[in-house]
Amino acid sequence: MASSKPLAKFWEWGRNIICVGRNYAEHAKEMKNALPSEPLFFLKPSSAYVREGDPIIKPYYCNNLHHEVELGVVIGKKAHAVSQKAAMDYVAGYALCLDMTARDTQAECKKKGLPWTLAKGFNTSCPVSDFVPKEKIPDPHKLQIWLKVNGELRQKGETSSMIFSIPYIISYISEIITLEEGDLILTGSPKGVSAVQEHDEIQAGINGILSMQFKVAQQSR
């Protein structure tokens, strides 16, 4: 897919991060949420990106920071109201992503009927791996993603367990928000989300494709 900008560094210039929530039944169950009948999605700012070598910063207002490991889909060209059948033509590649979540803040926001921005959109809330070209992953619904904290396995899931497939997600979102080259879609997290603390080491991977590692640090004021 010809691109005017280097998709291999989408995090440097991509504008939108669109996150799909509750896309694995077991995760919805562990969070005591009903299964969605349509994709639930929210946004993170591009300032949420962080790359290996820099720490994940736990916000000063958060006492319960959770990891959520997810497959990310990188969009390769403008997509507006695309069909499910054509949706994969707009995919340039993939990345492994973490949706870091201030869970206590999210619970407060839910209780008050407020948006989730404080819980989901803080700086470093979207760690990402290297870009994986589409050709290296013939079927993104046949992957195993995993996450360890300090060497202990916390999350392991199969992308075949997604409630809404990647073509469905792209088609659905593109009717509401026009997707642009370099945009990233996080496709949901399998079960096993849990808390991390300052100095913890997070390792995550896509079996047979790549892995990444991040340390957790505390925001100082």
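Strand 15 (residues 201–206) and strand 16 are joined by 6 bridges and run antiparallel. The model is predicted. Two further topics follow: a buried strand, strand 1 (residues 17–21), and a cavity with about 150 Å³ of space.

**Strand 16 and its partners**

- Strand 15 and strand 16 make a hairpin, with 3 residues between the two strands.
- Gly208 sits in the turn of that hairpin and has a positive phi of about 75°.
- Within this antiparallel pair, Ala204 has Met212 of strand 16 as its bridge partner.
- Strand 16 (residues 210–218) also pairs with strand 4 (residues 56–58).
- Strand 4 and strand 16 run parallel and share 3 bridges.
- In that parallel pair, Lys58 stands opposite Gln218 of strand 16.

**Strand 1: burial**

- Strand 1 covers residues 17–21, and 5 of its 5 residues are buried, so the strand is largely enclosed by the rest of the structure.
- Ile17, Cys19 and Gly21 point one way from strand 1.
- Ile18 and Val20 point the other way.
- Residues on both faces of strand 1 are buried.

**Strand 1: pairing**

- Strand 1 runs parallel to strand 13 (residues 184–186), with 3 bridges joining them.
- Ile18 of strand 1 stands opposite Ile185 in strand 13.
- Strand 1 runs antiparallel to strand 2 (residues 40–44), with 5 bridges joining them.
- Gly21 has Leu40 as its bridge partner in strand 2.

**The cavity**

- The structure holds 1 cavity of 30 Å³ or more.
- The largest cavity contains about 150 Å³ of space.
- Its lining is made up of 19 residues.
- Gly21, Arg22, His27, Glu68 and Lys120 are the lining residues that lie nearest the centre of the largest cavity.
- Strand 1, strand 2 and helix 3 (103–112) are the elements that give two or more residues to this lining.
- Helix 3 provides the largest share of the lining, with 3 residues.
- By class, the lining has 7 charged, 7 polar and 5 nonpolar residues.

**Where the topics meet**

- Gly21 is a buried residue of strand 1, is bridged to Leu40 in strand 2, and is among the lining residues nearest the centre of the largest cavity.
- Strand 1 and strand 2 are joined by bridges, and both give two or more residues to the lining of the largest cavity.

Methods:
Residues are numbered from 1 along each chain as its sequence is written. This is a predicted model: local features need pLDDT of at least 70, side-chain atom pairs count only at pLDDT 80 or more; totals for chains, interfaces and linings use all residues. Side-chain values use heavy atoms; hydrogens and water are left out. Buried means under 20% relative accessible area, exposed over 50%, partly exposed in between (1.4 Å probe, protein chains only). Helices (H or I, at least four residues) and strands (E, at least two) are DSSP runs, numbered from the N terminus. Two strands pair if DSSP finds at least two bridges between them. On a 1 Å grid over the protein atoms alone, a cavity is a set of points where a 1.4 Å probe fits but cannot get out, and a pocket is an open set with protein on both sides within 12 Å along at least five of seven lines; lining residues have an atom within 4 Å of a point. Grid points are joined across faces, edges and corners, and a volume is the space filled by probe spheres set on the points. Ala, Val, Leu, Ile, Met, Phe, Trp, Tyr, Cys and Pro count as nonpolar, Asp, Glu, Lys and Arg as charged, and the others, Gly among them, as polar.
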